[in-house]
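User: Hi, I'm new to this one. Could you walk me through it and explain why each term applies?

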Amino acid sequence: MTQRAAKRRRILLIGWDSADWKTIHPLMDQGLMPNLQRMVEGGTIGRLATLVPPLSPMLWTSVATGKRPYKHGIIGFTEPTADGGSVRPVTNVHRRVKAIWNMLDQRGLRSHVVGWWPSHPAEPINGVMVSNFFQRAHQPGHLPWPLPEGAVHPPGLRDEFAKLRVHPDELTAAHIAPFVPDFTKVDQTKVPTLATLSRIIADCAGIQAAATFILDREEWDFMAVYFDGLDHFNHGFMKYHPPRRPFIPESDFQLYKGVVTAAHRFHDLMLGRLLELAGEEATVMLISDHGFHPDRLRPERLPREPAAPMFEHGPYGILCVKGPGIRKDHLVHGAGLLDITPTLLHLFGLPAGRDMDGKVLQDIQEEPRPIELIDTWEEEATKRELQPSHAGGLHMAAMGPEWLAQLVDLGYIDDPGGDPSQAVPKTIRENRYYLALAYLDGGKIPEAVAELEALHGEAPGQLRYGTSLARAYLRTGRTQEARRVVDEMREADRLRHEGGRQENGRDGNGSGTPYSEPARLRLLQARVLQADGAGEQALAILKKLEKDPLLGTRLQFRIAEVLIGMGRWRQAVQALERFLAFDADSAKGHHAMGVCLLKTGDLRGALQHLHEAVGLNFNMSMAHYHLAETYNLLGDYAAAAEAYAVCLHLSPGLNRARQRLAALYKEHLDRPDEAQALLRQVADRCQGGPVTVVSGLPRSGTSVMMQALQAGGMEVFADGARPGDESNPKGYFEHKAIKALMHDPGIIAQAQGKAVKVVAPLLPYLPPLYRYRVIMMVRDIREVLRSQNEMIERGGKGVKRAFRTGLRDALDAQVERTDRWIGRNPHVQVLKVDFKDLMNDPEREARRVSSFVGGQLDVTAMAEVVDPQLYRSRLDGTD
Amino acid sequence: MGRERQAKKGEANGGMPQITVEGKPYEVPADGSLSLLALGHVGLMAWREARRRKAGPRTHTPRSR
């Protein structure tokens, strides 16, 4: 080791695509991965939460940049060529932000990168870059195997690196037998398994040769090496990994049961060599981008859609880091892919970017240092620019169709077919779908909805698009729109069946085969019913689907969700217990369990599960929210504030969390200035509106005010479903959907620019996304009570009752709560209108109201509709 | 798979790095092994050299032109 290297930290980042602790731990226990075992014992390990969609080029770019796909720009397996005439495997040309090696380059550090996905063409960094187009052979070994243009930087090393590749045809029985001992029994004319194995082994060997070559002869501060081998081994052979699953033939199981184990042992051997070359003083970080279900969680069958193999991916990759200053024999919680680059920068003593979506994993350090941040790395002048121009020449023809064929064979993309002109729009549309999923994962719902609406409109037959759109609508409370999309899809699917067209691989032969609605649509229908408040109907659908052997225990979580929506907490707990017995590592399962226990008063139990949830997946903002609520109830206000703050950091748009945190600062933590600042933020973030809300206690004059506003020229949000009667001859001016405001706050979107009646108890459920002008009708409580009683009598519900003290107290308390709510919400303006004043001087009150809502109303018309004859239930007995 | 092999830089073996197993010189088999591939470029070159010596001048090596 040189003196220079001894003084400065060096970090080796190794990527093992799809490595999963669930597979690795048993192998380590058997002593089959000694090099990784030593890393684990001497360092820190954890799970690494993946992102959605779990597609490797997107994920590895997020690892390298610390940003989500909609920021970094890599959004698929393929991309159109520069001339738009065809498609090619994704390159780094469309990456919009800097990767860790660019940032380190700017600070004078020397980086090398081998095989990163995507990294073609190789970037002119201060170091060596070998792209992911380097190692792959697409022709038989006796044919020329030129190294693709741009695969190596600096170009002067091309010839040396070309010799480091391994062709599958070179391999011998000595390489295959450890994987398939009885390989002579494989009929290679029928199954290409040995050719597949050879290819994967050769690719790994090429990457290893390139990486060790660099480590052996180059000075380095940072090195990133990526192996895609385990992902290919897992997709191809995990089905044979013991124990044998019932649908796997015994003969195949016996042939291939050792492949996954051998693959991991091979990777461990390579790891050992890299550790040896890196040296004891280097920090080594081993990660994977997602996991791979080795067990019952892996689906038996994959749906027939592009990128279906991702359904075999698990939600957690691995993290193992060892080196100077790194905690030993330690377990870190809540780590995710987005945290890698911020953490690497921090380990190098450099700031992370505030515009990065991940955080620094301080917990891995023995002596955590304060975290430094800068706004962004993107504005720093680069010493070297990317040179993407030659990527334009990467036409499919030049690369050979084998590049894409492999992605097709793996099921990641549809066959582009012989017509490139069809392949391009398909690729673009597919990538937009992945982008929409990334938006959803990042909480950018409006952006996701915009993409999905367009996709659904362009390809209504693609259930994936409509399903995702409906789910996005439901996330924002747009239940009616979700219902519409689901109904459209159900009708279209039924018509397709009847019309005899082939769709999604099912024969719609019109031969009288009974129509069976896809489970996906039925599940979606259940979601919509749940959002509509029709929980029993939703449950009925799910109970029927429970019998589906492919859905089975997975459905317990959906059932629990419906039960939660119905407030049946204890039944939900039972369903979640069954679900967590099936999948103990489900962050959403632990979150849901935490919510149920919170509601049933088991606060300690709630804490345990909510901590488990965020420990598994730190980026679940609502889990932090519920954690805060739990701490709040326990009286641990400092912990509650911390959890609300994390929630807001993850979901800046969650104004409700902002309101709660402001209340904590003001009422319990003596931080009034911060409370005020938060409340100003609440107001600032209310971009929608204004919505004019007419509110008050029932029988306080809300209907007459709505009538006056309408007469004055304001549009009202009412459905006319409740006609006028003796209690309200001129009508009620209500909208039925507002009664369900608690469940569907998104309905308010339709009331923007209009007047809507919302009774006082429902005001807190108004979503903090809009500015509200609340016209609060005020009336003497005694008159309110009298009027309510009289209305009930008119309805034939009973004899005249005396005033009920309890009810009066309840109404008084409601008035106080409403006043407090208004005081806490700066995005809510209020004008109090006394009912008596309105009756006695309607023109004056009409002027006040018109001025409050902007001064555009016809005050005379407003005053004319106020009928003092309808001022009944007066206290002075003059009615 | 599994016995620890090490590659040492040295002048022996015609300028190729010497590979040892538990400290003793290792005769690289012409058929190669996963361990040699795991060693990286040193193991790869050593294997190809062993293969070349066994088969003579017509040994298959990828044509990287």
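**Terms and the values behind them**

Analyst: Happy to. Let's begin with chain B, where 48% of the 65 residues count as buried. Please keep in mind that this is a predicted model.

User: What makes a residue of chain B count as buried?

Analyst: The cut-off is a relative accessible area under 20%. In chain B, 48% of the residues meet it. For chain A, with 879 residues, the share is 56%.

User: Which pattern does chain B follow along the sequence?

Analyst: The pattern reads β-β-β-α-α, in keeping with a count of 2 helices and 3 strands. Chain A has 35 helices and 19 strands.

User: How do you know how far apart in sequence the contacting residues are in each chain?

Analyst: Take the contacts between residues at least 6 apart in sequence, and ask which of them join residues at least 24 apart. In chain A the share is 67%. In chain B it is 25%.

User: How much area does each chain expose?

Analyst: Chain A exposes about 36,200 Å², with carbon and sulfur atoms supplying 50% of it. Chain B exposes about 3,800 Å², and there the carbon and sulfur part is 47%.

User: Let's turn to a sheet. Why are S17 and S19 of chain A said to stand at the edges?

Analyst: The open sheet has 4 strands in the order S17-S16-S18-S19, with parallel pairing. Strands S17 (755-757) and S19 (828-834) each have a single partner strand, so one side of each lacks a neighbour in the sheet. On average, neighbouring strands here are turned by 25 degrees against each other, direction ignored.

User: What makes S16 and S18 of chain A a pair?

Analyst: Two strands pair when at least two bridges are found between them. S16 (residues 688-696) and S18 (residues 770-778) of chain A have 7 bridges, in the parallel sense, so by that cut-off they are a pair. In this stretch, A:Gly688 stands opposite A:Tyr770 of S18(A). Helix H30 (residues 702-711) of chain A packs on the sheet, touching S16, S17, S18 and S19, and its direction makes about 140 degrees with that of S16(A).

User: And how do you know that S18(A) and S19(A) pair?

Analyst: The test is again at least two bridges. S18(A) and S19(A) have 7, also in the parallel sense. One example is A:Ile775, whose bridge partner in S19(A) is A:Leu831.

User: Why is S18(A) called largely enclosed?

Analyst: Because 7 of its 9 residues are buried, S18(A) is largely enclosed by the rest of the structure.

User: What makes up the interface of chain A and chain B?

Analyst: There, 34 residues of chain A are in contact with 26 residues of chain B. The area buried between the two chains is about 2,500 Å², and carbon and sulfur atoms give 62% of it. On the chain A side, A:Glu170, A:Leu269 and A:Arg273 lose the most area to chain B, together 23% of what that side buries.

User: Why is the meeting of A:Glu170 and B:Arg48 called a salt bridge?

Analyst: The rule asks for a side-chain nitrogen of Lys or Arg within 4 Å of a carboxyl oxygen of Asp or Glu. A:Glu170 and B:Arg48 meet at 2.8 Å, N to O, so the rule is satisfied. Across this interface the rule finds 2 salt bridges.

How values were computed:
Residues numbered from 1 in each chain as written. Chains lettered and ligands numbered in written order. Predicted model: local features only at pLDDT ≥ 70, side-chain atom pairs only at ≥ 80, totals over all residues. Heavy atoms only, no water. Buried < 20%, exposed > 50% of the residue type's maximum accessible area, 1.4 Å probe, protein only. Contact = heavy atoms within 4.5 Å. Areas by Shrake-Rupley, 256 points an atom, 1.4 Å probe, with all protein chains shown as cover. Axes fitted to C-alpha atoms, helices over the stretch in contact; angles between N-to-C directions. Buried area = accessible area lost by both parts, 1.4 Å probe.
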